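User: I'm new to reading protein models and would love a close look at one part. Could you walk me through the salt bridges and tell me where their partners sit?

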Amino acid sequence: MQEKTQSRSMTGTPRTNITRRIDLTTLRLFIAICEEGNLTRASQREAIAPSAVSKRMHDLEEVLEVALFERHPNGMALTPADESLLHHARVTLLNVEKIAVDMAEHARGVRGHARMLANLSSIVEFLPDDLPGFFRSHVLVRLDLQERPSADVVRGVEEGVAEIGICSADVSTRGLERFSYRRDRLVIVVRSDHPLASARDVSFADTLDYDHVGLFATSSIYLRSQYTAQQIGKSIRLRVHVPGFDAVCRMVQAGMGIGLIPDRAFEVLSHGMNLTAVELSDDWADRELVLVARDPAGLSATSQLMLDHLRLPGTKPH
């Protein structure tokens, strides 16, 4: 008997398998329209005639049997179905790009490729010590490591941008598996001539009378300090936001205020800067960093090796 090549739609009408009718170009055009909010701009961005783009979108809606856009005189608005498809389209194109990268690397003799997202703390404090041992044992593996705020690490692992991530335990990791990684403690960084420099420790409340140099607004450290200030009923006297721990130290050295960074980062970055680290006495200053993954059992062999290497002995998912 000849193999059937058609399935039936919800209305009972025979139709060709969806995977044979949706191509990568159509998905790329769909993403462009969502991002540009306008079919004409999307067609210009992708160098395809507007009529051809419109035809592809019409065919896509017909295949999926759902309206993807609300068409208005000034552009195209997303429907709920549109938002769902946008996520799947981005993941699909990302996976195709990963295939191309992986095959190119195998051709050059690279036998493994792991992708990891990590917050700033783990990259500055711990990974420089933890990764060399891994690469001594796996010399043909390549790691694609990207720095993201903790919340974006979780989002990126959920969306398949990377298979594993490292983030602050303070953020919601939703449905991801999580494993203990490392601990650090936040300290207040001050110049050696600052009034707080002689203190053994200090509460965060007592720092709010001074100007602060803050990390970028989406960092878990800044968000936690801002939340604490609100609970106290005060505001942070923020002089400047900076992108990293080294910039915090430099701005503190320049007299712009005091900073809040992890103790290990201070040890690594503050040499020769005439700065002092004062322990923060608040309980939330003691932090945990965690490894996250969508499904450890479904990881690629290379990512599984990386996860096993980075996990602390005896830790269990929680």
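Analyst: Searching the whole structure turns up 20 salt bridges, where a salt bridge means a side-chain nitrogen of Lys or Arg within 4 Å of a carboxyl oxygen of Asp or Glu. Please keep in mind that this is a predicted model, in which local features need pLDDT of at least 70 and side-chain atom pairs count only at pLDDT 80 or more, while totals for chains, interfaces and linings use all residues. Residues are numbered from 1 along each chain as its sequence is written, and side-chain values use heavy atoms, with hydrogens and water left out.

Let's start with D129 and R264, whose side chains meet in a salt bridge at 3.1 Å, N to O. D129 belongs to helix α6 (residues 127–137) and R264 to helix α11 (residues 263–269), so this pair ties together parts that are 135 residues apart in sequence. Helices here are DSSP runs of H or I with at least four residues, strands are runs of E with at least two, and both are numbered from the N terminus. How open are these two partners? D129 is exposed, with a relative accessible area of 54%, and R264 is partly exposed, at 26%. For these words, buried means under 20% relative accessible area, exposed means over 50%, and partly exposed is in between, using a 1.4 Å probe and protein chains only.

Next come D286 and R183, whose side chains form a salt bridge at 3.7 Å, N to O. Here strands are involved: D286 lies in strand β14 and R183 in strand β8 (residues 177–191), so the link ties together parts that are 103 residues apart in sequence. D286 is partly exposed, with a relative accessible area of 37%.

Now look at D193 and R191, which also form a salt bridge, with their closest N and O atoms 2.9 Å apart. D193 counts as exposed at 56% relative accessibility, whereas R191 is partly exposed, with a relative accessible area of 30%.

Salt bridges can also share partners: in this model, such sharing joins R28, E35, E36, R41, R45, E46 and R90 into one network. Try picking out those seven residues in the view and following the links from one to another.

For some wider context, the protein has 12 helices and 14 strands. Of its 318 residues, 43% count as buried.
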